[in-house]
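Colleague: I should be grateful for a close look at a single part of this protein, namely its main sheet and what packs around it. Please set the remaining features in relation to that part.

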Amino acid sequence: MPSAAHCVTVIPGDGVGPEVVRSAIRVIEAAGVFIDWEEAAAGASVFEKGDTSGVPAETRDSIERTKVVLKGPLETPVGFGEKSANVTLRKLFETYANVRPARELPGVPTRYAGEGVNLVIVRENVEDLYAGIEHMVTPDVGQCLKVISRKGSEKVIRYAFELARREGRTKVTAATKANIMKMTEGLFKKVFEELAGEYPEIESEHLIIDNVAHQLAKEPAQFDIIVTTNLNGDIISDLASGLVGGLGFASSGNYGDSVAIFEAVHGSAPKYAGKDLINPTALILSSVMMLRHIGETAAADRIEDAVLVTLEEGHATTQDLVRQTGGDVDTAASTTGFTDAVIANLGRSPATLKARRVGAVDHAPAPPHAWSYGPEHYAAIERRTIGLDIFIETDSDAGRLGPELEGLAATGPFELRFIESRGTKVYPSVGLSSDGVRLLRARFVTRDGGAAAERDLLALQGRVAERQPGWTHIEKLHVFDGADGFTKAQGE
Ligand code: NAP
């Protein structure tokens with residue numbers, strides 16, 4: 001008897017997408033789950049029609065309705081189309097937690113076989129450098145804004161702790177570069193340390209992201225859940241996939257408060273498109289995550305067990321795995337053949353490793369979180385603006401520019417604190433050398449450290465702009481509750 005109906009948006013995607021999606025749907029149907037699939041388009045075919053978002057309105061409407069997406073990989077064609085359709089989908093539906101399990105699989109040889117690797121990477125999925133706010137500030141200097149918010153950090157960190165609770169995991173590691181980026185990665189670390197106190201039964205630790213990469217390569221079994229910012233997570237989650245057999249096996253879910261999108265980690269692998277050769281395990285395991293999300297846990301367990309039996313017995317092995325084991329690729333199973341084997345194995349139990357039976361709810365999002373701070377919290381923060389950083393494109397040497405800017409500041413409440421080049425103070429000289437790139441930053445602050453009036457800030461800006469038409473942009477310097485909201489220059 002089919003179980004209760006679910007409605008899911010399915011995006012076959014590009015390249016090998018339709019093949020792996022078809023494979024996952026066949027397995028789900030064979031497991032007895034009845035899903036009403038709403039097929040929708042995104043990616044290359046949409047870009048080709050001139051829709052630069054890559055995600056047409058009908059697809060967005062379908063996802064609004066169904067709230068659940070099973071998706072094949074999407075190409076972002078070079079030459080037309082502005083942004084990646086994948087990133088667009090994640091942002092449109094605010095799927096803020098990208099969850100990527102990496103677990104040792106039977107029959108999949110790796111350097112770590114037998115160590116019991118079983119970790120989950122929870123990657124913040126919408127902020128950070130992926131906000132995509134980039135500018136060429138001079139013809140030769142590009143800049144990308146790294147946006148990290150308390151709210152964005154809190155949502156994904158809370159998600160990671162809640163996931164640990166649901167799965168009975170015992171440790172959450174935050175991975176940041178807070179030692180270098182104190183205002184952004186440092187904020188993520190601070191929020192992690194605050195929230196950790198709400199989960200006393202779960203061990204929490206913070207490690208610098210480069211050390212996490214090192215530890216993952218050295219002793220991956222020490223990790224349980226790793227929560228991290230977007231770019232860090234992008235890189236270490238691919239690293240983690242490599243630890244347990246590679247892209248053919250790497251599943252993922254993108255969770256928001258209302259929408260969840262399930263996809264393999266791999267891309268469209270164009271050279272395999274239409275050849276019935278690609279390994280569908282990654283998307284089948286992503287669909288297992290989807291089934292747990294929609295409450296079909298028994299079917300999820302059955303499918304995961306069937307995949308494990310198939311890998312364990314090795315009777316149907318796709319070419320990627322055959323190559324890893326040094327076998328004859330002519331004997332490799334096709335995508336269809338592997339899928340048939342998984343279906344045939346439904347109902348069987350693996351001998352070595354069982355499905356991750358973790359209760360009724362697996363990776364489903366935490367209940368809508370209460371964000372810690374409301375408007376009254378922000379209203380109570382004592383704040384003052386004490387100056388400006390003005391960025392200037394110039395061929396001028398800092399030794400000449402410095403006295404000129406000091407002269408411009410002399411008539412107001414500000415003084416020139418320093419000029420720096422790519423973060424290193426070059427005026428007044430402290431003996432540090434920096435290879436000039438025609439972009440300098442001049443920091444002006446009030447002489448007494450007090451609040452600057454808006455009209456004085458604008459007047460200073462106007463005076464500098466008049467003499468330095470190469471000024472490119474400005475940042476206000478804030479102090480919040482007595483703490484500087486800006487970093488020092490190297491050598492200051
Ligand atoms: P890719 O499509 O992931 O393929 C790179 C290589 O990884 C393949 O040639 C193959 O290696 C291996 N591979 C990928 N999937 C596999 C699977 N299921 N089974 C076995 N091996 C697999 O990466 P790409 O070539 O860099 O990207 C192609 C396109 O996909 C690009 O347009 C990119 O933007 C897009 N992409 C989309 C997503 C997404 O939708 N989430 C993610 C990544 C990339 P061998 O050649 O060694 O066999």
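Modeller: The account below begins with the sheet, moves on to the helices and the core, and ends with some details of the backbone.

The coordinates are those of a predicted model. The protein has 15 helices and 18 strands, and its C-alpha atoms fill a box of roughly 85 × 50 × 45 Å along the principal axes. Of its 492 residues, 53% are buried. The accessible surface comes to about 21200 Å², and carbon and sulfur atoms account for 53% of that area. Among contacts with a separation of 6 or more, 77% are between residues 24 or more positions apart.

The part in question is an open sheet of 10 strands with mixed pairing, in the order β2-β1-β3-β12-β11-β4-β5-β10-β8-β9. Its edges are formed by β2 (35-39) and β9 (203-208), each of which pairs on one side only. On average, and with direction ignored, neighbouring strands are turned by 25° against each other.

At one end of the order, β1 (residues 6-11) runs parallel to β2, and 5 bridges join the two. Within this pair, Val 10 has Glu 39 of β2 as its bridge partner. Further along, β4 (residues 97-103) and β5 are antiparallel and are joined by 7 bridges; here Arg 100 stands opposite Ile 121 in β5. On pairing with β10 (residues 225-228), β5 adopts the parallel sense, over 4 bridges. Ile 121 stands opposite Ile 226 of β10. Ile 121 thus has a counterpart in β4, Arg 100, and another in β10, Ile 226. In β5 (residues 118-124), 6 of the 7 residues are buried, so this strand is largely enclosed by the rest of the structure.

Turning to the helices, α1 (residues 17-30) lies across β1, β2 and β3 (68-71), and its direction makes an angle of about 165° with β2. The loop between β1 and α1 holds Val 16. This residue has a relative accessibility of 0%; because burial requires a value under 20%, Val 16 counts as buried. Leaving out residues up to four places away in sequence, Val 16 touches Pro 73, His 266, Gly 267, Ser 268, Ala 269, Tyr 272, Ala 273 and Ile 278. Pro 73 is 57 residues from Val 16 along the chain, and the two C-alpha atoms are separated by 7.7 Å.

Helix α1 also has a part in covering α12. In α12 (residues 335-344), the buried residues are Thr 335, Phe 338, Thr 339, Ala 341 and Val 342. Seen down the helix axis, they fall within an arc of 160°, so they line one face of α12. Their cover includes α1, α9 (281-293) and α10 (297-313).

Helix α9 leads to the largest nonpolar core, which contains 72 residues. The members that touch the most others are Val 122, Val 227, Met 290, Leu 291 and Ile 303. With 8 residues, α9 gives the most to this core. Beyond its neighbours within four places in sequence, Met 290 is in contact with Val 8, Ile 28, Ile 35, Trp 37, Val 68, Leu 70 and Phe 262. Apart from this core lies another, of 20 residues, including Leu 388, Ile 390, Ile 392 and Phe 444.

Some details of the backbone remain. Most residues other than glycine have a negative phi, and most peptide bonds are trans. Glu 94 is not a glycine, yet its phi is positive, at about 45°. Glu 94 sits in the loop between α4 (85-92) and β4, and it is partly exposed, with a relative accessible area of 37%. Asp 481, likewise not a glycine, has a positive phi of about 45°. Asp 481 belongs to the loop between β17 (471-480) and β18 (483-484) and is exposed, with a relative accessible area of 52%. Finally, the peptide bond joining Tyr 427 and Pro 428 is cis, with omega at about -15°; Pro 428 is found in the loop between β15 (424-427) and β16 (439-446).

Terms used. Residues are numbered from 1 along each chain as its sequence is written. This is a predicted model: local features need pLDDT of at least 70, side-chain atom pairs count only at pLDDT 80 or more; totals for chains, interfaces and linings use all residues. Side-chain values use heavy atoms; hydrogens and water are left out. Two strands pair if DSSP finds at least two bridges between them. Axes are lines fitted to C-alpha atoms, for helices over the stretch in contact, and angles run from 0 to 180 degrees between N-to-C directions. Contact means heavy atoms within 4.5 Å. Buried means under 20% relative accessible area, exposed over 50%, partly exposed in between (1.4 Å probe, protein chains only). The arc is that of the directions from the helix axis to the C-beta atoms. A nonpolar core is a set of buried Ala, Val, Leu, Ile, Met, Phe, Trp, Tyr and Cys residues joined through side-chain atoms within 4.5 Å. Accessible areas come from the Shrake-Rupley method with a 1.4 Å probe; for residues, only the protein chains shown count as cover.
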